[in-house]
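Please open the structure in your viewer and keep the sequence panel at hand. The tour below proceeds by selection, with a short account of what is found at each stop.

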Amino acid sequence: MITRLAALPGRLAESGRVRALRMLWGAGKGWTAAVALLVAANAVLPNASLVALGYAVGRIPAAAAAHLHGAPGRALAVALLVAGLVYAATLLTGPYQEWLSACVKARLVDDLQSRLMAAVSGPVGVAHLEDPETQNQLELAKGRLTGHVPADAPVALASAAGSRLAGIAACAVLATFRWWLGLALLAVWLLIRRPLRKIVLTQIVGFRTKAEVLRRAWYFLYLAIRPTAAKELRVFGLGDWTIDRYREHWARGMATTRESYARLGRRAYLLAGVVLAVYLVACGTLAYAALHHQIGLRELSVMLPLLPATMYAGTVTTGDISAEWMVSALPDQAALETRLHAARAELSGGRDAAGLPERGIRLEGVRFAYPGGEPVLDGLDLDVPAGRSTAIVGVNGAGKTTLVKLLARMHDPTGGTITVDGVPLRDLDPARWQRRFAAVFQDFNRYPLTLGENIALGAVEHAADEDGRARAAERAGALALAEEIGWDTVLSRQYAGGTNLSGGQWQRVALARALFAVEHGAKLLVLDEPTAWLDVRAEAAFFDRFLDLTRGLTSIVISHRFSTVRRADRICVLDGGRLAEQGSHDELMAAGGIYAEMFRLQAARFHAPEEDA
């Protein structure tokens with residue numbers, strides 16, 4: 001017991017309700033006062049309206065006897081006026097709550113989304129983004145899987161709290177007539193609330209365990225409604241298949257919820273019997289008192305409407321359920337922030353990377369395996385000399401792209417060492433080291449921004465350098481595109497005046513972005529499948545520019561197209577996660593090993609077959 005009491009402050013501080021209150025206070029004292037006014041309005045006005053109307057009804061006999069003249073008539077008029085004003089104020093609480101919710105939500109959504117973006121963007125590596133658990137927690141924190149936005153939590157809680165206070169107040173008013181009656185109604189509703197709320201919380205917990213299944217359901221939903229996959233869905237007739245997959249995953253994800261609602265329904269029937277019995281006793285007591293002239297019409301008109309109002313002291317309304325869903329996401333956000341803050345330390349190092357590499361990068365016995373998988377790199381020894389071009393080739397799955405992730409410190413190796421000019425890569429500041437890189441990844445981003453902005457993102461702090469941007473575009477073969485569509489054209493048809501680019505044009509833009517980074521200090525150029533989206537002519541043009549693009553840079557080129565890599569100073573062949581061969585194109589061809597065999601196989605595809613004699 002003592003241990004539980006000692007832990008209580010910490011548990012309260014971590015609870016979703018306390019977090020919601022802190023969010024509200026952070027939004028501003030004025031908004032906090034406005035929400036407090038909502039609580040008071042919901043607590044007071046409904047009961048005040050019933051009481052005022054009851055007093056007005058109680059004055060009708062006297063006013064009728066006086067033919068609405070004199071003091072009785074005036075008293076009835078005043079009572080009706082007060083009842084009308086209070087009722088009008090009650091009607092205004094709905095629009096007031098909607099306005100307040102919209103205002104507070106507008107302030108909190110920005111804060112919550114910014115915090116999530118900061119948390120996810122904080123770690124310099126990408127392991128957390130490849131972790132399914134992180135993705136599940138992120139979706140829960142955003143409230144997208146549940147449909148209940150966490151930013152609505154403060155106002156939803158305030159509304160629910162006001163309703164509960166209104167129910168308790170109704171019980172208190174009934175207690176002025178018979179103390180045990182008000183107490184009995186309060187006790188019944190409080191006893192009922194506990195099991196009902198437990199069912200809701202169980203439903204939420206069960207829903208959270210299905211986060212990954214529901215993420216898949218959302219994937220199929222967006223697959224059907226977004227234009228990215230529209231062509232294939234129609235060509236292959238996958239419309240119904242996509243809908244069926246969505247329904248299948250959604251049904252699996254919502255199974256626990258349906259079970260909870262079924263239990264709630266069965267429990268509701270049982271509890272309804274208890275409530276009905278207490279209400280029959282309450283109504284009978286009021287009727288007995290009225291028949292024996294223990295209370296008058298005024299008291300009866302006040303007490304009788306208050307009986308159903310007592311239910312808000314303990315029943316679980318749809319507003320309560322929504323509030324619970326909203327609140328449940330707030331600890332997810334805090335846990336995600338804590339978890340990803342800790343992930344920042346996983347890729348540590350404080351040494352400045354400025355000027356590196358001067359001599360080169362060396363890998364010794366490097367091993368790496370993704371969680372739960374087999375090693376992708378298994379004892380790799382490799383030298384990447386500074387100021388020269390190194391090509392990495394190999395079959396799919398040989399570990400080429402993983403090697404680039406390790407060199408850029410997106411991950412640290414699980415075994416072996418990587419050094420830069422003899423300095424362990426782990427000792428370098430990872431963020432500063434990554435700024436030494438300029439990269440065109442195989443899955444490069446296609447930003448729906450202007451052409452100029454797309455290129456300037458390579459060194460966004462130098463976005464105003466129009467001359468440097470033009471030089472980068474010219475070296476990448478994208479200057480003609482800029483002259484054709486203009487620098488300020490948005491590269492997406494989903495925006496007014498925008499345009500779409502071909503795959504090859506997008507690849508030139510991505511290359512220009514990397515070269516703009518080179519313009520502003522990046523010394524390591526990584527080209528991952530740089531000609532994958534180019535046609536034969538464009539690939540030949542890239543081939544002719546290769547030496548110019550890589551001159552003076554420490555460059556790494558990854559490609560399965562051997563025409564792209566043959567001009568590299570040194571070609572390294574990966575096989576089974578290890579270095580199998582290395583040398584120049586001519587040396588490797590003379591050796592007659594893996595590279596020579598793969599090169600001849602590719603070259604054979606471009607030779608026209610001889611016609612039959």
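Helices, of at least four residues, and strands, of at least two, are DSSP runs numbered from the N terminus. The model under inspection is a predicted one.

Begin by selecting Asp352, which is located in the loop between helix 13 (318-344) and strand 1. Asp352 has a relative accessible area of 42% and is therefore classed as partly exposed, a term for values between 20% and 50%. Next, display its surroundings: leaving aside residues up to four places away in sequence, Asp352 touches Leu428 and Arg432. A polar atom of the Asp352 side chain also lies 3.1 Å from the backbone nitrogen of Ala354. For a sense of distance, add Leu481, 129 residues from Asp352 along the chain; the two C-alpha atoms are separated by 38 Å.

Proceed to the sheet. It is open, has four strands in the order 2-1-4-5, and shows antiparallel pairing. Its edges are strand 2 (375-385) and strand 5 (423-424), each of which pairs on one side only. Now select residues 360-369 and 415-420, that is, strand 1 and strand 4, whose antiparallel pairing extends over five bridges. Within this selection, Glu364 stands opposite Thr417 of strand 4.

Finally, turn to the surface and select Trp179, Trp180, Leu183 and Val281, a nonpolar patch with about 460 Å² of accessible area together. Which helix supplies the largest share of the patch? Helix 8 (residues 179-209) does, with three residues; Leu183 lies in this helix.

Notes: Residues are numbered from 1 along each chain as its sequence is written. This is a predicted model: local features need pLDDT of at least 70, side-chain atom pairs count only at pLDDT 80 or more; totals for chains, interfaces and linings use all residues. Side-chain values use heavy atoms; hydrogens and water are left out. Two strands pair if DSSP finds at least two bridges between them. Buried means under 20% relative accessible area, exposed over 50%, partly exposed in between (1.4 Å probe, protein chains only). Contact means heavy atoms within 4.5 Å. A polar contact is a pair of N or O atoms within 3.5 Å; within protein, one must be able to donate a hydrogen and the other to accept it, and residues adjacent in sequence count only if both atoms are side-chain atoms. Patches are made of residues with over 30% relative accessible area and no salt bridge: like charges are joined within 9 Å, nonpolar side chains (Val, Leu, Ile, Met, Phe, Trp, Tyr) within 5 Å. Accessible areas come from the Shrake-Rupley method with a 1.4 Å probe; for residues, only the protein chains shown count as cover. A salt bridge is a side-chain nitrogen of Lys or Arg within 4 Å of a carboxyl oxygen of Asp or Glu.
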